[in-house]
Amino acid sequence: MNTEIDTSQLVVKIFEILESVKDPEIPVISIRELGILQQVKIAGATVKVGIIPTYSGCPAMFVITEDIINTLYNNGFNDVKVELLNEPVWNTEMISDSGKKAMKAYGIAPPLSFNEKIISCPQCGSTDTTCISQFGSTACKALYRCENCLEPFDYFKCHA
Amino acid sequence: MEPALYQYLLRLADSSLTMGQRLAEWCGHGPYLEEDVALTNVSLDLIGHAQMFYQIAVEVSGEHKTPDDLAFLRDAHEFRNPLLTELPKGDFAYTTLKQYFVDVFNLHLYQALSKSKHQPLAQAAKKALMEVKYHLTRSQAWCERLSLSTDEAKQRMQQAFDDLWFYTPELFETDEAMLQLADQGLIADYSVLQSYWQQQVSDLISKCQLVVPQSGWLATGGLQGEHSEHLGYMLAEMQFLQRAYPGCEW
């Protein structure tokens, strides 16, 4: 039996299981899509999951850690260790395209890419928007208002 | 154990923790809802920075301690922050200007520390730097907005400036141990930081038409653990739970 292949298949399976762990603040996007989930390693009977925080003071990390442990436990993994990694340093380029789409459909303007300048309203698509506050409902978001449909909305700030 | 690096990490962590704690005092007292949220968001970032630096300090010390032990179980004379960061929150102008002074300092500090030869410190500085850029954008915008607004706002900004100005040189104070760490490429060269800071701040002073006070008491002592009376009251409130119920968790 080739244990190495077994291990890599197991890692793939664990990544698939962890796809159901969502960000507690944005429950439509998984921690993998957000770039928080960085690695899964198997060490003997122990599953080691490496995560990185979005913002250094992010209080959601505790909830995410518990969610990972509970989800894996429900799938038969009793021995799970979640490690908070210092590297890589998280940035918004780590958010996957599917994650950005889900974010927008949820009503949060996704972070701009390097070549983009204008934040458009996730509701009506208008580019006529104003920043109300640099800090929104969580540290990773800013608060904007659409001058066209007059709806306030969150913008996921660019961190690169 | 590297005592000099450990003490330096405490200075970083204690500065962030005291700034974060003072901002947290605004929770529910901000001038309006969005600003209340912004103040406490910045507070959260700063407490996060403190946690990172305490964690590295714990690793450097090799002792069986946690970041929480360092935050909640040391007394005032063991804190290494400059006096500026422990000052009471004051009014909104005072908080805003103090935040601006510290944000500019942190920007240049973390830029320099992201090149530290102590890898964990460099990583933490890179992380903090991304967040500090947002803090500075906000505090600078508020300084300009308040200074160029109504007579009362101008007067309060000038009052805050008079009160805070002579606390700022202490940000750049160094001792023999810090100079050695800088020589080894582990920490920033503080004289370089000071010249960057002065340049950037003097641009804002002229833009905001603030008048530089001519004389005042030059704050010092934080590096040696000699603090103002304000720190003791802050710690009494912040550390109460761990002192009354040691090891309490929830």
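Begin by selecting domain 1 of chain A together with domain 2 of chain A, where nine residues of the former are in contact with eleven residues of the latter. As you look, keep in mind that this is a predicted model. To place the two parts in the viewer, colour residues 3-90 of chain A as domain 1 and residues 96-156 as domain 2; their C-alpha centres lie 27 Å apart.

Next, turn to the surface that these two domains of chain A share, where about 920 Å² is buried between them, with carbon and sulfur atoms giving 73% of it. On the domain 1 side, select A:Ile26, A:Glu33 and A:Tyr55, the residues that lose the most area to domain 2 of chain A and that together make up 48% of what that side buries. If you sort the residues of this side by class, you will find seven nonpolar and two charged residues, with no polar ones. Between domain 1 and domain 2 of chain A there are zero salt bridges, although two residue pairs are in polar contact across this interface, both residues being at pLDDT 80 or more.

Now bring chain B into view and move to the boundary between the chains, where 22 residues of chain A are in contact with 19 residues of chain B. The size of an interface is often given as the accessible area lost when the parts come together. For chain A and chain B the buried area is about 1,800 Å², and carbon and sulfur atoms give 62% of it. Select A:Ser56, A:Val89 and A:Phe135 here, since in chain A these lose the most area to chain B, together 36% of what that side buries. The side of chain A that touches chain B is made up of eleven nonpolar, nine polar and two charged residues. Which polar links join the two chains? Nine residue pairs are in polar contact between chain A and chain B, both residues being at pLDDT 80 or more, while the rule finds zero salt bridges across this interface.

For the last stop, consider the aromatic rings, of which a search of the whole structure finds 18 pairs over all chains. Select B:Phe101 and B:Trp165, whose ring centres are 5.9 Å apart and whose planes stand at 55°, so the pair is tilted. This pair links distant parts of the chain, 64 residues apart: B:Phe101 belongs to helix H4 (residues 92-113) of chain B, whereas B:Trp165 sits in the loop between helix H6 (151-164) and helix H7 (176-183) of chain B.

Notes
Residues numbered from 1 in each chain as written. Chains lettered and ligands numbered in written order. Predicted model: local features only at pLDDT ≥ 70, side-chain atom pairs only at ≥ 80, totals over all residues. Heavy atoms only, no water. Contact = heavy atoms within 4.5 Å. Buried area = accessible area lost by both parts, 1.4 Å probe. Salt bridge = Lys/Arg side-chain N within 4 Å of Asp/Glu carboxyl O. Polar contact = N/O pair within 3.5 Å; in protein donor to acceptor, adjacent residues only side chain to side chain. Nonpolar A, V, L, I, M, F, W, Y, C, P; charged D, E, K, R; others polar. Domains from an automatic or database assignment. Phe/Tyr/Trp six-rings, centres within 6.5 Å; stacked < 30°, edge-to-face > 60°. Helix = DSSP H or I, 4+ residues; strand = E, 2+ residues; numbered from the N terminus.
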